[in-house]
Amino acid sequence: MLRSGCQWRMLPRDLMPRDAAHRWFTTRRRAGTWDRVHDELRRQVRSGPDVIPSRRPP
């Protein structure tokens, strides 16, 4: 990941074929699935029991 970002040709061989992985990812991106997943994860992290709201500097 650090060396190549997230290039499709660098996916591990034990995963699905590149074209299938790309199609799967693109379908979910266009449907807004990734945005909803990220929104939900942010909501959970920011509303956890140990969250202390940070104060903005004046």
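Arginine 43 and glutamate 40 join their side chains in a salt bridge, with N and O 2.5 Å apart. Keep in mind as you look at it that this is a predicted model. Both residues belong to helix α2, and because they sit 3 residues apart there, about one helical turn separates them. How accessible are the two partners? Arginine 43 has a relative accessible area of 46%, so it goes down as partly exposed. Glutamate 40 is partly exposed too, at 32%.

That bridge has company, since the structure holds 2 salt bridges. The other one to look up pairs aspartate 39 with arginine 42, where the closest N and O atoms are 2.4 Å apart. Again we're in helix α2, with the partners 3 residues apart, or about one turn of the helix. As for accessibility, aspartate 39 comes out at 42% relative accessible area, which means it counts as partly exposed. Arginine 42, at 39%, is partly exposed as well.

Now over to the aromatics. The structure holds 2 aromatic pairs. Take tryptophan 24 and tryptophan 34: which geometry do their rings adopt? The ring centres are 5.7 Å apart and the planes meet at 65°. Planes over 60 degrees apart count as edge-to-face, so that's the label this pair gets. The pair also ties together distant parts of the chain: tryptophan 24 sits in helix α1 (residues 18-30), tryptophan 34 in helix α2 (residues 33-46), and the two are 10 residues apart.

Are these two tryptophans buried, partly exposed or exposed? Tryptophan 34 has a relative accessibility of 24%, which puts it in the partly exposed class; the cut-off for buried is under 20%. Tryptophan 24, with 39%, is partly exposed as well.

Next, widen the view a little around these rings. Trp24, Phe25 and Trp34 make up one aromatic cluster. Two of its members turn up again at the surface: Trp24 and Phe25 join Met16 in a nonpolar patch, and the three together have about 280 Å² of accessible area. Why can Trp24 be counted in a patch at all? Patch residues need over 30% relative accessible area, and tryptophan 24 has 39%, so it clears that bar. So tryptophan 24, in helix α1, is a handy residue to click on: it's in the edge-to-face pair with tryptophan 34, in the aromatic cluster and in the nonpolar surface patch.

Technical notes. Residues numbered from 1 in each chain as written. Predicted model: local features only at pLDDT ≥ 70, side-chain atom pairs only at ≥ 80, totals over all residues. Heavy atoms only, no water. Phe/Tyr/Trp six-rings, centres within 6.5 Å; stacked < 30°, edge-to-face > 60°. Helix = DSSP H or I, 4+ residues; strand = E, 2+ residues; numbered from the N terminus. Buried < 20%, exposed > 50% of the residue type's maximum accessible area, 1.4 Å probe, protein only. Salt bridge = Lys/Arg side-chain N within 4 Å of Asp/Glu carboxyl O. Patch = residues over 30% accessible without salt bridge, like charges linked within 9 Å, V, L, I, M, F, W, Y side chains within 5 Å. Areas by Shrake-Rupley, 256 points an atom, 1.4 Å probe, with all protein chains shown as cover.
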